[in-house]
Amino acid sequence: MTAERAPAKYLARVHIHHETDLVVARRRTREIAAHQGLSAAEAEALATAVTEIARNIVVHAGSGEMHFGIVDQATRRGVVVTARDTGAGIPYIADAMQDGYSTRGSLGYGLPGARRLVDEFEIESTVGAGTTVTLRKWASGDRR
């Protein structure tokens, strides 16, 4: 969506410090997705994207946080998740968004996979200051 963007109402924050926090983030995603009327498949896609981004926070930055919110527009509603860390940042975002690119010997599908699972994906990163990723998923059956 490039036109007017409705502001998100943030409902929850999850601190990400350890792999166990991924479970909390995933659960919160499902709860808010159900509240917003996303289908089970849509909720699961978003939860998987959130898990990938949260895992990147743990592996690459050590810690960060995720903010979970809802977006209501005249004709649709959805969920927005904003993940922030103050890690080393990503020097070459275009490379990081390519399937198979990894700086840690992983499969390298986290960021590009998360992008494919959501309707809107934004990433901003500053070397030495951290990374912010915003995910949006819209309820497909919502036609207010």
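What share of the contacts in the chain with a separation of 6 or more is accounted for by residues 24 or more positions apart? The figure is 65%. Keep that in mind while we go through the elements. This is a predicted model, and everything I say today is computed from it.

Let me start with the inventory. The chain has four helices and five strands. Reading from the N terminus, the elements run β-α-α-β-β-α-α-β-β. Of the 144 residues in the chain, 44% are buried.

Now the sheet. In general, strands of a sheet pair through backbone hydrogen bonds, and the pairing is either parallel or antiparallel. Here we have an open sheet of five strands, in the order 1-2-3-5-4, and the pairing is antiparallel. Which strands sit at the edges? They are strand 1 and strand 4, residues 120-126, and each of them pairs on one side only. On average, neighbouring strands of this sheet are turned by 15 degrees against each other, if direction is ignored.

Some of the pairs in detail. Strand 1 and strand 2 are joined in the antiparallel sense over seven bridges. Across that pair, I16 stands opposite G64 in strand 2. Strand 2 and strand 3 also pair in the antiparallel sense, over nine bridges. There, M66 faces A83 in strand 3, and V71 has G78 as its bridge partner. Strand 2 and strand 3 form a hairpin, with four residues between them. Strand 2 has nine residues, and seven of them are buried, so this strand is largely enclosed by the rest of the structure.

On to the helices, beginning with helix 1, residues 20-35. How far should its 16 residues span at 1.5 Å a residue? The expected value is 22 Å, and the end C-alpha atoms are 24 Å apart, which agrees. The buried residues in helix 1 are D21, L22, A25, R26, T29, I32 and A33. They cover an arc of only 140 degrees around the axis, which puts them on the same side of helix 1. The general background is that an α-helix has 3.6 residues a turn, so residues three or four places apart point the same way. On the face turned away from the buried side, helix 1 carries the exposed residues V23, A34 and H35. What do the buried residues of helix 1 pack against? They pack against strand 1, helix 2, strand 2 and strand 3. After helix 1 comes G37, with a positive phi near 85 degrees.

Next is helix 2, residues 40-61. Its 22 residues reach 31 Å from the first C-alpha to the last, close to the 32 Å expected at 1.5 Å a residue. Many of you will want the buried residues of helix 2: among them are A43, L46, A49, V50, I53 and I57. Helix 2 packs on the sheet and touches strand 1, strand 2, strand 3, strand 4 and strand 5. The direction of helix 2 makes about 175 degrees with that of strand 5, residues 130-138. Just after helix 2, G62 takes a positive phi of about 90 degrees.

That brings us to the core. The largest nonpolar core has 32 residues. Those with the most contacts inside it are I16, V50, I53, M66, F68, F121 and L135. Which elements give two or more residues to this core? They are strand 1, helix 1, helix 2, strand 2, strand 3, helix 4, strand 4 and strand 5. The largest share of this core, eight residues, comes from helix 2.

Take L135 as one example. Leaving aside its neighbours within four places in sequence, L135 is in contact with L46, A49, V50, I53, V79, V80, V81, V118, E120 and F121.

One last residue, E122, which lies in strand 4. Why does E122 count as partly exposed? Its relative accessibility is 29%, and a residue is buried under 20% and exposed over 50%, so E122 falls in between. E122 and T134 are twelve residues apart in sequence, yet 5.1 Å apart in space, C-alpha to C-alpha.

To close, back to the opening figure: residues 24 or more positions apart account for 65% of the contacts in the chain with a separation of 6 or more.

Technical notes. Residues numbered from 1 in each chain as written. Predicted model: local features only at pLDDT ≥ 70, side-chain atom pairs only at ≥ 80, totals over all residues. Heavy atoms only, no water. Expected span 1.5 Å × (residues − 1). Buried < 20%, exposed > 50% of the residue type's maximum accessible area, 1.4 Å probe, protein only. Arc of directions from axis to C-beta. Contact = heavy atoms within 4.5 Å. Pairing = 2+ DSSP bridges. Axes fitted to C-alpha atoms, helices over the stretch in contact; angles between N-to-C directions. Core = buried A, V, L, I, M, F, W, Y, C linked by side-chain atoms within 4.5 Å.
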